[in-house]
Amino acid sequence: MEILATIWFVLIAVLWIGYLFLDGFDLGVGMLMPIFTKDERGKRVLLNSIGPVWDGNEVWLITAGGAMFAAFPHWYASLFSALYIPLTLCLLGLIFRAVAIEYRGKGHTQRWLTFWTWAMAIGSTVTAFLIGALLVTTTTGLPLNENGDLVGGAFAWFGWPAVLGGLAGVTFCFVHGLLFLTLKTEGELRAKARRWATKSMLVCSVPMLIWFVLAILNRTWLVVPVGIAVVAIIAAYVAIRAGAEKKAFFLHGLFLLAGMAAVFTGVYPNVLPSTLDPAFSLTVGTASSSDYTLGVMLIVTAIFLPIVIGYQIYSYRHFLNRIAESHIPDAHRVPAAIRS
C-alpha cells in the first residue's frame, strides 16, 4: 500500500511550493537591496517590508527538509548527500542573509552598510539559485547507482538542468520580490517596483516555463496545468500593467502553483529518478518510511499544521499596511558613554 507515501509526497510538494511562494519574495527583496534604490531610507523601507515575516517564511524550508527526512529517508539521504556541496553553500547563503538583516542597522558607516547590503543580496541570490537547482535536479534526475549513491564525483549533479533550475529560482524570486514591493511600499518605490515588474516579468518567466515543459515531456495530459501556468503569467503581466498589483501578485503565485503541480505530478511515482538506469530510481514505495511512521506523522501534521498556518495568516494581517519613506525614523546612534 502506497497511499500514505503518496499523501506525504503531495504534502512535501505543497511545502516546497509554499516555500517558494512565501520566501520567494523575501529573497527577491534581498536581491534588490543594492540596485533598486541608492537612498538609504529607501533601502530601509525594503528591509522593513520583509522584516516581520522573513523568518516565519523560512519555516517552510525547514519543514520541507524535515518532512523529506522523516517520510522519505532514502530520498533525503540520496539527494542531500549528492548535493552536499551546493546545499552547504545554500546554508551559508541563508546565514549571510539572516545575519545581514539583523546586523545592517547596528552600524552607521557607509562601509558597514554597503557590506551588509551586498551580503544580503548575495546570500539571497545564492539561496534562490541553489534551491532552484535542487528542485530541478530532484525532478529531472541524478546519476544514481542501485544503492542510491551518486556516480561521477562530487560535481556530477552540476549540468544544464541544475543551471536551468538556478536561473528559474533567481528570476522567479526577482519578479516575486518586485510584486511584493508594489503591495508593501508607497510613492516612488511602489511606482518603480511596478515599472520593473512590468519590464521583467515575461522575460524572467522563461527559465521556469522551460522547466515546466521539460517535466511533462511524454505526458501530454499534464499540458493542462502548464497551460494554466502560461495563462496565469500572461494575466499577471496584464494586471501589473493595469496597476492591479494584488491581482498580479497572486496570479504570479498561481503561475508557480500550476507549473509546480505539473512538475511533481509528472515525476510521480519517482521521488528521485536515476539517469543511469530507470530501475535505480527512488520511488514513493522504495524510499518511504513505514506506514506506521507515516500515519503518526500525518496525525501530528493534521493537528499542528493548521496552527502554524493560522499564526502566519495572523502575522500577515497584523503587518498588512504599506510602508513609506516617511515612516522610517532617523537612524539611532547610541552615545559612546552608553556603549562603554
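Start by selecting K192 and F36: the charged end of K192 sits over the F36 ring, 5.3 Å from the ring's centre. Keep in mind as you click along that this is a predicted model.

**Stop 1: the loop after helix 1**

Now pick P34, in the loop that joins helix 1 to helix 2. Is P34 buried or exposed? With a relative accessible area of 6%, P34 is buried. To see what surrounds P34, show K43, T117, W118 and A121, which are in contact with it once neighbours within four places in sequence are left aside. Then draw a distance from P34 to A64: the two are 30 residues apart along the chain, and their C-alpha atoms are separated by 30 Å.

**Stop 2: along helix 1**

Move to W16, which is found in helix 1. Its relative accessible area is 4%, so W16 is buried. Which residues does W16 touch, not counting those up to four places away in sequence? Select L61, A64, M68, I131, L134, L135 and F264 to light them up. One of these deserves a distance label: W16 and L61 are 45 residues apart in sequence, yet 7.0 Å apart in space, C-alpha to C-alpha.

Helix 1 also holds L22. L22 counts as buried because its relative accessibility is 12%, under the 20% cut-off. Leaving aside neighbours within four places in sequence, the contacts of L22 are N57, W60, Q312 and Y316. Try a second distance label here, from L22 to G177: these lie 155 residues apart along the chain, with 9.9 Å between their C-alpha atoms.

**Stop 3: helix 3**

Two of the residues just lit up, W60 and L61, belong to the buried set of helix 3. The full set to select is W54, N57, E58, W60, L61, A64, G65, A67, M68 and A71. What covers them? Colour helix 1, helix 2, helix 4, helix 5, helix 6 and helix 12 (291-318), which are included in that cover. For a check on geometry, take the end C-alpha atoms of helix 3: they are 26 Å apart, which agrees with the 26 Å that 18 residues should span at 1.5 Å a residue.

**Stop 4: helix 5**

Next, show residues 84-103, which make up helix 5. Its 20 residues should span 28 Å at 1.5 Å a residue, and the end C-alpha atoms are indeed 28 Å apart. Within this helix, the buried residues are P86, L87, C90, G93, L94, R97, A98, A100 and I101. Look down the axis: these residues cover an arc of only 160°, which puts them on the same side of helix 5. Their packing partners are helix 1 (3-32), helix 2 (40-50), helix 3 (54-71), helix 4 (73-82) and helix 6 (110-140).

**Stop 5: the nonpolar core**

The largest nonpolar core has 106 residues. Which of them touch the most other members? Select W16, F72, W75, W211 and F212. Helix 1 gives the most to this core, with 17 residues.

Zoom in on W211, buried at 2% relative accessibility. Apart from neighbours within four places in sequence, W211 is in contact with L135, V136, T139, L164, A168, M260 and V263. F212 is buried too, with a relative accessible area of 0%.

**Stop 6: aromatic rings**

How many aromatic pairs are there? The count comes to 21. Show F115 and W116 for an edge-to-face example, with 4.9 Å centre to centre and 85° between the planes. W116 is buried at 12% relative accessible area, whereas F115, at 48% relative accessibility, counts as partly exposed. Go back to W211 and F212 for a tilted pair, 6.0 Å centre to centre with 35° between the planes.

For a wider view, select F21, F25, F180, F249, F250 and Y316, a cluster linked by ring pairs.

**Last stop: a cis peptide bond**

Finish at P269, in the loop between helix 11 (245-267) and strand 1 (270-272). Most peptide bonds are trans. Which form does the bond from Y268 to P269 take? This bond is cis, with omega near 10°.

Conventions:
Residues are numbered from 1 along each chain as its sequence is written. This is a predicted model: local features need pLDDT of at least 70, side-chain atom pairs count only at pLDDT 80 or more; totals for chains, interfaces and linings use all residues. Side-chain values use heavy atoms; hydrogens and water are left out. Rings of Phe, Tyr and Trp (its six-membered ring) pair if their centres lie within 6.5 Å; planes under 30 degrees apart count as stacked, over 60 as edge-to-face and the rest as tilted. Buried means under 20% relative accessible area, exposed over 50%, partly exposed in between (1.4 Å probe, protein chains only). A charge sits over a ring if NZ of Lys or CZ of Arg is within 6 Å of the ring centre and within 35 degrees of the ring normal. Helices (H or I, at least four residues) and strands (E, at least two) are DSSP runs, numbered from the N terminus. The expected span of a helix is 1.5 Å times one less than its number of residues. The arc is that of the directions from the helix axis to the C-beta atoms. Contact means heavy atoms within 4.5 Å. A nonpolar core is a set of buried Ala, Val, Leu, Ile, Met, Phe, Trp, Tyr and Cys residues joined through side-chain atoms within 4.5 Å.
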